[in-house]
Amino acid sequence: MIEIAVGFQRFAEDDWRRVVGAELPVFRSEDGIAVGALYGPGTGAVMARDNDGRAWNIVATVAAAAVSDAAEQIRAEVDGGATGIELLFASSPSARGRGLPSATIDWKKLFAGISLGELSLRVDGGEETFALAGGLLPFLKSAAPRELTFVFDPIALLAARGWLAAPFAEIGAKAAGLAAALAENGLSGHVLVADGRVWHNAGATEVEELASAIAAFAEYLRLLEADGISAERAVGLIGITLAADADQFMTIAKLRAMRLLHARLLEAAELAPRPCSIHAETSWRMQSRLDPHSNILRTTAAVAAAGMGGADSVAALPFDAAIVTDDPFPRRVARNSQTILIEEAGLARVADPGAGSGAIEALTSALAEAAWERFRQIESEGGLLAAVLSASVQRTVEASRQNRIDRLRRNEIQIIGANAFPDPAAKVAPSGQVTRPNAKPAGTPALAAEALGFVRLTESIET
């Protein structure tokens, strides 16, 4: 190995500070975490992952209302380089008024001409997930995907829309049944997901998102154990999803912090250590309808940060995510941004780019410690489900969102194309979205809670 540092004089941190000749500023994150201007070298400890040295999966989200349109989108995404597909159904908390219809899916037609063995497959169907799985598994028995995840976080769904049709214990029994069905069909995958996107898009800070996600993970461990699945096996049945935004250092550190939290939870539960599986999706709340093409800048920064933070798969929202058009170009840009970062920038060639960086390692540790303390607070309230039923989590998240909006209005937060470097000729693009449905079923729901509000950061500027 070539030693590139030969011939260069080494300087200690104190030497750098003397050169500056002044007290360096210290900034504070939304969680109050100190972010300095100068850090010494890190330890270089690499976060353990279970990806066999592969690049992250480029996941394309398909949410067309018609199966024929969805099938066409899948073919276009796979032909264009996607290595994973996420099917977003209208019953998902992330659908925001769009999505596939769960009642009329013809799986053979949907995947006609597609080799699933080369793809990761994510099925995001909210409370319809288990019914969808019943029709999908027989089809997958002869066409198994490389990776399979059923993206269902019942507690996040409860917080998102304010109700669950099924009792929590019944959801646990169905999840255990799905795990058994996977094994019977020779498949493996995640039957539940600790989904940080819901908390992030409702306004959570990094610490609040991490704490809510790891609290959900703990709840689902207990839920699956209660239905006869050993804790050792249950760990592998639960996936993790986090949001990635344009704050690159914080996003990198957040994903790395989740691995520390996961390891710490397993240690506390006296379980053998094993890497967790993390999927990242670019932030919906940072999408703007004012000069939508500026969303490309934010999304690309978020994808790069997710990749460098160690995400196993990444979904980039198209730049029209706040508008929802039928134009394939935004989906193409979202997909190609990942391909360029992997193939041309080579971001996936390094196991853990943050390892050795004093700044990233310090932020990682600080986020993990603060999130663990917040997790302990949630546990002291009886766990995440109890905290959602009492609305303590929702109120904390909504307070963070309001604080962020207030700071945006004071220009303490700047968003390119909105309140920073706006195009004077830009017009607010019309929204094709429908307000998140919150209609309760005809009968009495099994669980009811205070519903979260979802507001994009630039909405106050757009109006």
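**Notebook: loops, strands, rings**

I started at Ala391, which sits in the loop between helix 14 (384-389) and helix 15 (392-409). I note that I am working on a predicted model. I looked up the backbone of Ala391 and found a phi near 70 degrees, a positive value in a residue other than glycine. I then asked whether Ala391 is buried or exposed. Its relative accessibility is 4%, so I entered Ala391 as buried.

**Other positive phi values**

I looked next at Asp291, where phi is near 55 degrees, again a positive value in a residue other than glycine. I located Asp291 in the loop between strand 10 and helix 11 (295-308). Asp291 has 23% relative accessibility and therefore counts as partly exposed; the cut-off for buried is under 20%.

I also recorded Gly162, which comes just after helix 5 and takes a positive phi of about 95 degrees.

**The chain as a whole**

I counted the secondary structure and got 16 helices and 12 strands in the protein chain. I checked the radius of gyration against the globule rule: for 463 residues a compact globule would come near 23 Å, and the protein chain has 22 Å, which agrees. The C-alpha trace spans about 70 × 60 × 50 Å along its principal axes.

What share of the 463 residues counts as buried? I noted 54%. For the accessible surface of the protein chain I have about 19,800 Å², with 54% of this area belonging to carbon and sulfur atoms. I also looked at contacts between residues at least 6 apart in sequence; 79% of these join residues at least 24 apart.

**Strand 9 and its partners**

I went through strand 9 (residues 238-244) residue by residue, and seven of the seven are buried, so the strand is largely enclosed by the rest of the structure. Which residues of strand 9 point which way? I listed Ile238, Ile240, Leu242 and Ala244 on one side, with Gly239, Thr241 and Ala243 pointing the other way. The residues of both sides are all buried.

I then looked up the pairing. Strand 8 (residues 192-195) pairs with strand 9 in the parallel sense, over four bridges. Val193 stands opposite Gly239 of strand 9. Strand 10 (residues 278-282) also pairs with strand 9 in the parallel sense, and here I have five bridges. In that pairing, Leu242 has Ala280 of strand 10 as its bridge partner.

**His200**

I found His200 in helix 7 (residues 196-202). Its relative accessible area is 1%, so I entered His200 as buried. What does His200 touch, once neighbours within four places in sequence are left aside? I listed contacts with Glu209, Ala243, Asp245, Lys254, Ser283 and Arg285. Of these, Ala243 is a residue I had already noted in strand 9. I also took the separation of His200 and Arg285: they are 85 residues apart in sequence and 7.9 Å apart in space, C-alpha to C-alpha.

**Helix 5 and Arg161**

I checked cover on helix 5 (residues 154-161) and found the helix mostly covered, with eight of its eight residues buried. I wrote these down as Pro154, Ile155, Ala156, Leu157, Leu158, Ala159, Ala160 and Arg161. I then followed the side chain of Arg161: its charged end sits over the ring of Trp163, 3.5 Å from the ring centre.

**Aromatic pairs**

How many aromatic pairs does the structure hold? I counted seven. One of them is Trp107 with Phe111, a stacked pair at 6.5 Å centre to centre and 10 degrees between the planes. I looked up the cover on both: Trp107 has 8% relative accessibility and therefore counts as buried, and Phe111 is buried with a relative accessible area of 4%.

I next took Trp372 and Phe375, whose ring centres are 5.0 Å apart with the planes at 50 degrees, so I entered this pair as tilted. The stacked class needs planes under 30 degrees apart and the edge-to-face class over 60. I placed both Trp372 and Phe375 in helix 13 (residues 358-380), three residues apart, about one turn of the helix. Both Trp372 and Phe375 are buried.

Finally I traced how the rings join up. Phe89, Trp107, Phe111 and Phe139 are linked by ring pairs into a cluster.

Note on methods: Residues numbered from 1 in each chain as written. Predicted model: local features only at pLDDT ≥ 70, side-chain atom pairs only at ≥ 80, totals over all residues. Heavy atoms only, no water. Phe/Tyr/Trp six-rings, centres within 6.5 Å; stacked < 30°, edge-to-face > 60°. Buried < 20%, exposed > 50% of the residue type's maximum accessible area, 1.4 Å probe, protein only. Helix = DSSP H or I, 4+ residues; strand = E, 2+ residues; numbered from the N terminus. Lys NZ or Arg CZ within 6 Å of the ring centre and 35° of its normal. Rg over C-alpha atoms; globule rule 2.2 N^0.38 Å. Contact = heavy atoms within 4.5 Å. Areas by Shrake-Rupley, 256 points an atom, 1.4 Å probe, with all protein chains shown as cover. Pairing = 2+ DSSP bridges.
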